[in-house]
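Got the viewer open? Then let's take a walk through this one together, one selection at a time.

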Amino acid sequence: RGRWCVPGHPPTSLPPAELRDRISSARGLPSPPAITVKLIELCGDPETELVDVIEIVRHDPSLTARLMRLANSSVYGRRRRTENLRQAVTLLGLDTVLTASLTLSLTAGRNLSARRSESFRARRWNRSVHSAAIAEILSSFAPSVASDEAFLASLLQDIGVFVIDLLEPDVYEELDPDGTHEQLVAAERRGFGADHATVGSVLLEAWDLPPEIVDAVAASHRGPSNTVDLASVIGAAGILADGVSGDVDGSSAVDEVASILHIDRSQIEASCARLDVMLAELASILEADAPTREMVDVLAEEAILLRQVQAQVM
């Protein structure tokens, strides 16, 4: 049935209107800071120019520093060092600048769930960061998906966990802190009536994020479909992130990702080879824990082994 299908529990049983009311009336929910709100507005304005973005960002030292670190990381593979904010914004683009701004508030927001243990909060944030890095790589298998959109949507796909914990803290009470993502989703649908993908999309819609990001987060648990789109990429990224962390069997994770993206299992080999350095750098920039080299190597080795077997058969 797949990891998205939880027997006896539909994807959501809470009426959409009631869900929106509960979220909009809740106190203590995360909200984007003023600078992020301005960047969201710029994203929706076709007349936005580079100078407009720079003028907003330059007033935020933390955001400026994060953008400089991203621009000079191996993620973008520049041989020449980025020396100033203008160069960084030009290289990264508006969507990535918005992502960097959101991650600053999300880094603080991951501590919202005070009822949960530090390990629970850290695991959720680690998964978000790992998924975002993986989604950027996997977007190459989906021609219609931009890598920066994949990164942002994947980073935000688990934000609904913190919302549910604030609205209904008992949902996660009996959950094993080291439980799988599938168990987390089952507990949410059983105890809250909606999973964190649905809840997160409602919150992101209230933040006025682009509809394509909101819709992709909402659909990220749907499983394989005929179309490989943004939701497919971020759903696949989450599964591979679970494989990298050891939460699920790595071989099964690779199989599921290949099925979702309609690619051959061996095509994931090159992607896994890039993950080691990329995940380590992004984890440092976004204040997460990098997965061990061994876990990343396991996925790559499995893909390499399969290719060798196929070559011998042929």
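A word we'll need all the way: a residue is buried when its relative accessible area is under 20%, exposed when over 50%, and partly exposed in between (1.4 Å probe, protein chains only). With that in hand, show the whole chain: buried residues make up 53% of its 314 residues. This is a predicted model, so local features need pLDDT of at least 70 and side-chain atom pairs count only at pLDDT 80 or more, while totals for chains, interfaces and linings use all residues. Residues are numbered from 1 along each chain as its sequence is written, and side-chain values use heavy atoms, with hydrogens and water left out.

**The whole chain**

Switch to cartoon view. The chain has 16 helices and zero strands; helices (H or I, at least four residues) and strands (E, at least two) are DSSP runs, numbered from the N terminus. Now think about contacts, meaning heavy atoms within 4.5 Å. Of the contacts in the chain with a separation of 6 or more, 70% are between residues 24 or more positions apart.

**Stop one: α3**

Select residues 50-57, which is helix α3. Which residues of α3 are buried? They are V53, I54, I56 and V57. Look down the axis of α3: these buried residues fall within an arc of 165°, so they line one face of the helix. (The arc is that of the directions from the helix axis to the C-beta atoms.) A handy rule here: an α-helix has 3.6 residues a turn, so residues three or four places apart point the same way.

**Stop two: T99**

Next, pick T99 in helix α6, residues 94-109. T99 is buried, at 2% relative accessibility. Leaving aside neighbours within four places in sequence, T99 is in contact with F151, L152 and L155.

**Stop three: α12**

Move along to α12, residues 211-218. Colour I213, V214, A216 and V217, which are buried in this helix. Those four cover an arc of only 165° around the axis, which puts them on the same side of α12. Now turn the helix around: P211 and D215, on the other side, are exposed. What do the buried residues of α12 pack against? Show α8 (147-156), α11 and α13 (230-245) to see their partners.

Zoom in on A216, which sits in α12 and is buried at 4% relative accessibility. Its contacts, leaving aside neighbours within four places in sequence, are L230, A231 and I234. Then try a distance: A216 and E149 are 67 residues apart in sequence, yet 9.9 Å apart in space, C-alpha to C-alpha.

Just before this helix, click D208, in the loop between α11 (196-206) and α12. Phi of D208 is near 65°, a positive value in a residue other than glycine. D208 is exposed, with 58% relative accessibility.

**Stop four: two helix pairs**

Show α9 (160-167) with α11 (196-206). They pack at an angle of about 95°, with their axes 7 Å apart. Axes are lines fitted to C-alpha atoms, for helices over the stretch in contact, and angles run from 0 to 180 degrees between N-to-C directions. That makes α9 roughly perpendicular to α11; angles of 65 to 115 degrees count as such, under 35 as roughly parallel, over 145 as roughly antiparallel and the rest as oblique. To see the contact, select G160, V161, V163 and I164 of α9 with H196, V199, G200 and L203 of α11.

Now swap in α13 and α14, whose axes come within 8 Å and cross at roughly 170°. These two are therefore roughly antiparallel to each other. Here S232, V233, A236, I239, L240 and G243 in α13 meet G250, A253, V254, E256, V257, I260 and L261 in α14.

Follow the chain on to H262, in the loop between α14 (250-261) and α15 (268-285). H262 has a positive phi of about 55° although it is not a glycine. At 47% relative accessibility, H262 is partly exposed.

**Last stop: Y172**

Finish at Y172, in the loop between α9 and α10 (181-191). Is Y172 buried or exposed? Buried, with a relative accessible area of 2%. Show the side chains of Y172 and E188: a polar contact of 2.6 Å joins them. (A polar contact is a pair of N or O atoms within 3.5 Å; within protein, one must be able to donate a hydrogen and the other to accept it, and residues adjacent in sequence count only if both atoms are side-chain atoms.) Also select L184, which is twelve residues from Y172 in sequence and 7.7 Å away in space, C-alpha to C-alpha.
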